[in-house]
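Me: I have a model open and would like to go through the wording used for it. Could you take the terms up with me?

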Amino acid sequence: MSPTQWDFPVELCCRPMAFVTLTGLDVVYNAVHRAVWDAFCANRRADRVPISFKVLPGDHEYPKCRPKRTSYEWYIPKGILKTGWMNKHLNLVPALVVVFYELDWDEPQWKEKQSECATRVEIVRQSLQGRNTKVAVVLIQKKTPLPPGEDVVASERAAALCNACELSGKSLFVLPHTDHLVGYIIRLENAFYEHAQTYYYTEIRRVKSHKEFLNKTTHQLLFVRHQFKIAFFSELKQDTQNALKNYRTAYNLVHELRAHETNILEIKTMAGFINYKICRLCFQHNTPLDAIAQFRKHIDLCKKKIGSAELSFEHAAWMSKQFQAFGDLFDEAIKLGLTAIQTQNPGFYYQQAAYYAQERKQLTKTLCNHEASVAHPSPDPLETQTGVLDFYGQRPWRQGILSFDLSDPEKEKVGILAIQMKERSVVHSEIIITLLSNAVAQFKKYKCPRMKSHLMVQMGEEYYYAKDYTKALKLLDYVMCDYRSEGWWTLLTSILTTALKCSYLMAQLKDYITYSLELLGRASTLKDDQKSRIEKNLINVLMNESPAPEPDCDILAVKTAQKLWADRISLAGSNLFTIGVQDFVPFVQCKAKFHAPSFHVDVPVQFDIYLKADCPHPIRFSKLCVSFNNQEYNQFCVIEEASKITSLDLVLGSEAGRCVILNWQGGGGDAASTQEALQAARSFKRRPRLPDSELHWDSIVIQASTMIISRVPNISVHLRHDPPALTNEMYCLVVTVQSHEKTCIRDVKLTAGLKPGQDANLTQKTHVTLHGTEPCDESYPALLTDIPVGDLHPGEQLEKMLYVRCGTVGSRMFLVYVSYLINTTIEEKEIVCKCHKDETVTIETVFPFDVAVKFVSTKFEHLERVYADIPFLLMTDLLSASPWALTIVSSELQLAPSMTPVDQLESQVDNVVLRTSESASECFCLRCPSVGNVEGGVATGHYIISWKRTSAMDDIPVISTVITLPHVIVENIPLHVNADLPSFGRVRESLPVKYHLQNKTDLVQDVEISVEPSDAFMFSGLKQIRLRILPGAEQEMLYNFYPLMAGCQPLPSLNINLLRFPNVTNQLLRRFIPTSIFVKPQGRLMDDASIVAA
C-alpha cells in the first residue's frame, strides 16, 4: 500500500477520447508516412475532433474478448470495477482500426496489390476477433483524385477493393499526399470520429442489454458496474449530458449497496471515483453550483463511513483526497473562465484537505505506535501476484471475497498490521504542507489575509514537526507582524513559543534573544513560571552560557542543539547584537519626552527618558544612549541646534559576556504602543492617585521632537512710506533699524522686497533697487537679499531707502528681514547666536490718472468716424486718481504713419500740477489721408505723459506713461464743403460768405444747390443752381448776408444734392459748414471808433 494509494487513477482524471489505432504506417523510415502521422498528432487545436491516435503494427495483438455470457443466474461478481477496465478502453481496445496502404488507381499490378491489402485487413480482423471494433482502409496516393463520378476506373476499382476486403464504401478512404495534406487529414479525422461514435453507441447498447438478466439480490455490484460503463462509454462518445445522467444513477446505486467493514473501502473508493466524474462534468457544463451541491452531498454521505477503527487513518486519508481533488477541479475550472468569490473558492477545500491530512497524522501516531521489536509481516500480505489489485478498493489478502464474515481473522490481523507499518513510513508533514501551501495561494489570490495568516502558522508548525526549522522560522516570522498589529496576543504567544523552540534547536543567537525579549513582555500570555524560565535562559545567553532546552522538543534534536550551543560559546566571534525593537513588543518599554515643544537657542534643552520593565524579575541594564539628528551632540545631553531624538539605545548585558543593544527609533514605543494609547484615550476608568513623584505610564505621551528657534531679537525695525504706490513710479520705502542689545551686534544684513510665495505675475512686475536715481527695468529683482549694513552699537540706529517699482495695480506684501550675530554666555559657555527680525507691510498700487480720448469735428461735435482729408480734433482728458499731487512734466503725441497733423504738435500741459480729481485737457487738429477700407479702423498713435510726484525729490527720475490711442474708422466722402465767413456779424451790415465745394472723386459731379431763406437774414446770390464739378476741381459760391437781428442767429440753410451719389445726404454735407453766427447789435460811431482804436 504505497503513499500514493489514495491518488485517483490517471485514466479517471483524464478526458476520455475515442481511441483509434493506425496500422500500416512506417513512421521511422518512410518520410510520407511520417508526414501523415505528424499531421494527425501535431498542433491539435481545440476545434479538432477529440480522438486519441496510436500507431501499431498490422499484426498487433489486442486484448482478447471474453466469451459472451448467456446467463447471469449463477454468476456472483467479485467486485465492482476492475482496475484495468478504464485503461483498456482508453488505450488498448480501439473503436476503429485504420489500415493505411499505398495504392494508386492506375497501379499496373492492381490485382496483387488488392490481394495484399485484403490480407492486411483480414489479419486485423483476426486480432480483433469477438470485438465490435470498426475497420477502415486509407489508400495513400500520389495524385490528386478527380471529382466523384468522373474517374470510371477509380469507381470500379474502389468497388472491387471493398468486396475483396469485405468493407462498406463508407470505410474506404483516399489520402492524396499533396500540399493540402492537413486539410485531407482533418476530413479523415471527422470520418473516423463518426465510425468511433457508432462503435461506442454499440457498446452502450451491449451493456444495457445485460440489465434484463440481473437481479437486485445477488447482482447489486453489477448494477453499479454496468451503469458506470454506460456513463464511461458515453464520455468516450462525447455525449456528456447522458454521461452525467448515468454517473448520477451509478452514484445512487453505490450508496444502495449494503456496507460492511469488509467492503466499506471499495464502496467509498467507487463513490469517490463517480463523484469526481460528476463534479468534473458539472464544471465542464458551467454549472458550478451543481458541482458544489454534489460534493457536499458526497461528503455528508461518506464522512461517517469510517470502517475498521484500527485503520481509521485510512478514512482521514480518503477524506483528504476527496477535498483535494475537488479543489483541483474547482481551480481548473477557474483557469478556464469560471469566476470564484471570496467566500467560495478552492482554498477552503485545500484547507479541509489539510485538516484531514493532519487528522490522519494524529491517528497514525495513535494507531501505529508499535514497539521497535514489531517487524513488518512476512510474507507481505499487501503484495499481489500481478503487483496490482484486481478490483478498486479491495484488500490484497482477500481479493474477490465479498462475504461479510471474515474466514481467516488471523490473516486479517496481519494485513491490518502491515497497513499500519506501511503508514508509519508516510511523510505526513510533506502532504500537509503541500495542501496548506495550495490553500494559502488561493486565499492570497482572493484577498483573505486572516485565513492566509492562519494557514501559514499551521505550515510553520508542520515544518517544525518535519524538523525543517529554517522554513518554519521564516513562515512564523512573516505572520507575527499581522498578529501584533491586530492585537491577537494569545495567538502571538503560541507562535513565539514555537519560534523560540526553532531558534533554540538551530542555536540562532539573535533570533533566540529577540523571541525571549518578546515572550517576557506585556503582550505575552505565558504564566510567570514560564517567563521566569525564559528570563533565566536569556541571562545565561547574555553571560555566554548555554540555555536550558525548551520543553516538548524532540530528544535527538535537543542533543544536536546542545552541541551547536557549545560551538557558539567556544567560537570567538562577535558578541554584540543590535536589535530594533520598534516592530515587536519587548519586555522593556521606553518613552522620550521633551519638556516643551520648542526652545530658544540660548536656553538649555531638557527632556526625560522613561523606562518600564515588564519581566517577572529585576534586570540590570548597563548603559543608556540617546541619539539626535545632529550626531555631534550624541555624546552630550545638551541640545543647541538639534530638534529631534532619532533613536534610543538601551544596552543589556556586558562586554565580558554578550552585549545586546535594544534600539528604539524616534522617541520610543513599540508594536503595541499605538493600540494601548488609543485604548487609554477611550477608557473612562478612573486612574488611582499616585504620589507626586510617580506618573501613570499611560499618561506619558512620547514627544520625540522639539523646535529649536532662534534667540529673541532685541532690535526695532520701522518702515516709513506714503501709500498708495503709483503704477511704474519709484516708490520710496524707508527702513529704520535700531539696536536695543546690551552689546554690539555685528554682521547686520537686510533682506527686503516682495515677500516670496505670492502670485508669479506679481514677481515679474515688481522690481526693487537701492538707487532711486536710476530707472528700474525688468532686470532688477523683486527681492534684494543679504544687503550688508555693518555693525550697530547699543542704541544706534540706521536708515536704508528702498525704491520699489510696481508694474501692475493691486495689493502686494513686502518683507523686510534683518539678521545679525551676537555673542552671549550660556552656562559659562560663550556661543554665537544668530538673531533675526522681520516686518511685513501690504502696499496697494493704483493708477496715477485716468486718460479719456475722444474724436470731435471742428465744430466740436462727437465723431463716430472721420472722413478722409477732412480735419478733425483729437481731445485728451487727464483725470488725477492719485491722493498725492502729481506734476505733469510734459506730454507728447506720437502719430501713426496714417495720421498727419494740421498744425504744430506742442504740449499744452507742461509743468501742470494736478491734485486729486483735478483734470487737464489737450486738443490736437489732425487729418487722415484716404487709406481705403481697413478692417477695425486706422491706428491713431500713442499719447506719452511724463510725470512724477510733486513731493518727490528732484533726482527721482520722471515716469513716462504710454497710452495707446484708439483706432478710428475712416470713410471717403464724394464732396467736401467748407465755408469762409467772419467770426461775427453786425446788424444791417453786409456779411460776405464764401462756400467751397471740392470734388473728391474721379468722376464729374452734378450738384444741385439751393439756399433756404432765414428770418434773421437777407441775402444776395444764387438761390438755386445746378453745377458740374470736374474730378479734383473746386467750385466757389459767394453770398452776401445782411443781418436783421442781433444775437446767435441761424444762417440761411445751404441744401446740396449729389445726383451721382443719392445715398450721401444733405445733413452729412452740412456737418462741415457753420449753421449759425453771432450777430452784434448796431453800435454808435463813437463806439466804433473806440473799438477800432482798441
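Reply: Gladly; here are some questions about helices, loops and single residues, with the reasoning behind each word.

Reply: This is a predicted model, in which local features need pLDDT of at least 70 and side-chain atom pairs count only at pLDDT 80 or more, while totals for chains, interfaces and linings use all residues. Residues are numbered from 1 along each chain as its sequence is written, and side-chain values use heavy atoms, with hydrogens and water left out.

Me: Thanks! What makes the span of helix H20 close to the expected one?

Reply: The expected span is 1.5 Å times one less than the number of residues. H20 (residues 555-570) has 16 residues, for which 22 Å is expected, and the helix reaches 23 Å from its first C-alpha to its last. Helices here are DSSP runs of H or I with at least four residues, strands are E runs of at least two, and both are numbered from the N terminus.

Me: How do you know that the buried residues of H20 are on the same side?

Reply: The buried ones are Ala557, Val558, Ala561 and Trp565. They cover an arc of only 95° around the axis, so they share one side of H20; the arc is that of the directions from the helix axis to the C-beta atoms. As general background, an α-helix has 3.6 residues a turn, so residues three or four places apart point the same way. On the other side of H20, Leu556, Lys559, Lys563 and Ser570 are exposed. The cover over the buried residues of H20 includes helices H16, H17, H18 and H19, contact meaning heavy atoms within 4.5 Å.

Me: Why is Asn345 called buried?

Reply: Buried means under 20% relative accessible area, exposed over 50%, and partly exposed in between (1.4 Å probe, protein chains only). Asn345 has 0% relative accessibility, so it counts as buried. Its place is in the loop between H11 and helix H12 (346-367). Not counting residues up to four places away in sequence, Asn345 touches Phe330, Ala340, Gln442, Phe443 and Tyr446.

Me: And why is Lys88 called partly exposed, and Asn911 exposed?

Reply: Lys88 has a relative accessible area of 23%, so it falls in the partly exposed range. Asn911 has 57% and is therefore exposed. Lys88 sits in helix H3, whereas Asn911 lies in the loop between strands E27 and E28.

Me: What makes H10 and H11 roughly antiparallel?

Reply: Helix H10 (residues 288-302) and helix H11 (residues 312-335) pack at an angle of about 180°, with their axes 12 Å apart. Angles under 35 degrees count as roughly parallel, over 145 as roughly antiparallel, 65 to 115 as roughly perpendicular and the rest as oblique. H10 and H11 are therefore roughly antiparallel to each other. The axes are lines fitted to C-alpha atoms over the stretch in contact, and angles run from 0 to 180 degrees between N-to-C directions. Among the residues that meet are Phe295 and His298 in H10, and Trp318 and Phe323 in H11.

Me: One more: what is noted about the phi of Asn544?

Reply: Most residues other than glycine have a negative phi, and most peptide bonds are trans. Asn544 is not a glycine, yet has a positive phi of about 65°. Asn544 is found in the loop between H19 and H20. As for peptide bonds, a cis one joins Pro723 and Pro724, with omega about -5°.
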